[in-house]
Structure formats: structure tokens, C-alpha cells
Amino acid sequence: MDDNHSGSCLCGAVRFRTKGPLRGVIYCHCSQCRKQSGHFYAATNVADADIVIEGMENLTWYEASDFAKRGFCKTCGSVLFWKPKGDAYISVMAGSFEEPSGLQGECHIFVGDKGDYYSIEDGLPQFEKSAPSIKVAGG
């Protein structure tokens, strides 16, 4: 599969293109991700140097913690990005990519915070907080 991917928000005001391989999808069940998205996050990530974002004037950043900020379209409200401070990568919401994305699930993090209205039964590794290789706030 091609290592170039593209995607956008719901209304198309913010578009992006990535190059190179993408990490497997991490499902984050922390309370901040659930409150912002209405469920849980499903995100991959890409090096800052390997993403081009168009429509930056339509992108709003919310600093939910001292650790990271969350990017969303100010027109349609689509959650698109999660950006840790001081790191050279950006997490991109898996559902914002055009299909076929070629993405596959990798693991679940913050399962100790998951909502009480669903269960996780896909067989992927689950971590109470975060996986050792994943840098997150509070992990």
C-alpha cells in the first residue's frame, strides 16, 4: 500500500496529507478523549516533517493540559489532532483519513478510565494507563 495518505475534517475546511508509514491505531479511553469526542479516541501519528496541513485558519487548538493540545475544525467541530508539547510528532484521528487508510489497531490505553457503557473485546493489548512505548499526559 502507498505510504501517502490524505484526510480532512467533516466540512473539508481543514485538509492534510501525510507521507511515510503510519503507526498502528491507539485507542485512548481517558476521560479527556471521551469528553471531547463523545466516545474514545482512535489515532495514529506522524512526524511533524511528514504532514502538511491546509486550512490552518480553520483549525483551533485547545490546551486541555500542560502536556498537549487538541486540534479541531472551528467550522464543523471535527476533532483532528492531538499534539504533545515539545515533541516532533502529531497524532491524527484515524477516522479523518480517506479510505482505504490501511490502518490497523495496535492497543487500548487508559482502559481504567473507559466508559461503563461499552466493553473492549477485540483481542488487542489493553493498558490500565499507557503502554510503555506511548508518551501521554498522566501516563
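**Note on the predicted single-chain model**

1. Of the chain's 139 residues, 42% count as buried. The coordinates under review are those of a predicted model. The accessible surface amounts to about 7,400 Å², and carbon and sulfur atoms hold 49% of that area.

2. The chain contains one helix and 10 strands. Read from the N terminus, the order of elements is β-β-β-α-β-β-β-β-β-β-β. The radius of gyration is 14 Å, close to the 14 Å given by the globule rule for 139 residues, so the chain is as compact as a globular protein of that length. Along the principal axes, the C-alpha atoms occupy a box of roughly 35 × 35 × 30 Å.

3. Contacts between distant parts of the sequence deserve mention. Among contacts with a separation of 6 or more, 54% come from residues 24 or more positions apart. As for charge, the chain carries 14 positive and 17 negative charges, and the mean positions of these two sets are 6 Å apart.

4. The largest nonpolar core has 15 residues, and the members that touch the most others are Cys28, Tyr41, Trp82, Cys107, Ile109 and Ile134. At least two residues of this core come from each of strand S3 (25–28), strand S4 (41–47), S9 and strand S10 (105–109). A second core, separate from this one, comprises 13 residues, including Phe16, Val46, Cys73 and Leu80. In soluble globular proteins, nonpolar side chains tend to be buried together.

5. Tyrosine 27 belongs to strand S3. With a relative accessible area of 19%, tyrosine 27 is classed as buried, because the cut-off for that class is under 20%. Beyond its sequence neighbours up to four places away, tyrosine 27 touches Phe40, Tyr41, Ala42, Gly105, Cys107, His108, Ile109, Asp122 and Leu124. The C-alpha atoms of tyrosine 27 and alanine 43 are 6.6 Å apart, with their positions 16 residues apart in sequence counted as separation.

6. Phenylalanine 40 is located in the loop that runs between helix H1 (31–37) and S4. Its relative accessibility is 22%, and phenylalanine 40 therefore counts as partly exposed. Leaving aside residues up to four places away in sequence, the contacts of phenylalanine 40 are Tyr27, Cys28, His29, Arg34 and Tyr118. Serine 101 lies 61 residues from phenylalanine 40 along the chain, and their C-alpha atoms are separated by 19 Å.

7. Serine 91 is part of strand S9 (residues 89–93). A relative accessible area of 6% makes serine 91 buried. Not counting residues up to four places away in sequence, serine 91 touches Ala43, Thr44, Asn45, Leu80, Phe81 and Trp82. Two of these contacts also appear in the cores described above: Trp82 is a member of the largest core, and Leu80 belongs to the second.

8. Cysteine 9 sits in the loop between strand S1 (4–8) and strand S2 (15–19). Although placed in a loop, cysteine 9 is buried, at 5% relative accessibility. Its contacts, again without residues up to four places away in sequence, are Val14, Cys73, Cys76, Ser78 and Leu80. Among these, Cys73 and Leu80 are members of the second core. Cysteine 9 and lysine 129 are 120 residues apart along the chain, and 29 Å separates their C-alpha atoms.

9. The backbone at glutamate 99 and proline 100 should be inspected. The peptide bond joining these two residues is cis, with omega about 0°. Glutamate 99 lies in the loop between S9 and S10, as does proline 100. Glutamate 99 is exposed, its relative accessible area being 76%. The C-alpha atom of glutamate 99 is 8.7 Å from that of glycine 7, a residue 92 positions away along the chain.

10. A further backbone point concerns phenylalanine 110. Its phi is near 55°, a positive value in a residue other than glycine. Phenylalanine 110 lies in the segment after S10 and is buried, with 5% relative accessibility. Most residues other than glycine have a negative phi, and most peptide bonds are trans.

Terms used
Residues numbered from 1 in each chain as written. Predicted model: local features only at pLDDT ≥ 70, side-chain atom pairs only at ≥ 80, totals over all residues. Heavy atoms only, no water. Helix = DSSP H or I, 4+ residues; strand = E, 2+ residues; numbered from the N terminus. Buried < 20%, exposed > 50% of the residue type's maximum accessible area, 1.4 Å probe, protein only. Contact = heavy atoms within 4.5 Å. Rg over C-alpha atoms; globule rule 2.2 N^0.38 Å. Areas by Shrake-Rupley, 256 points an atom, 1.4 Å probe, with all protein chains shown as cover. Lys, Arg positive; Asp, Glu negative; His and termini not counted. Charge placed at Lys NZ, Arg CZ, Asp CG, Glu CD. Core = buried A, V, L, I, M, F, W, Y, C linked by side-chain atoms within 4.5 Å.
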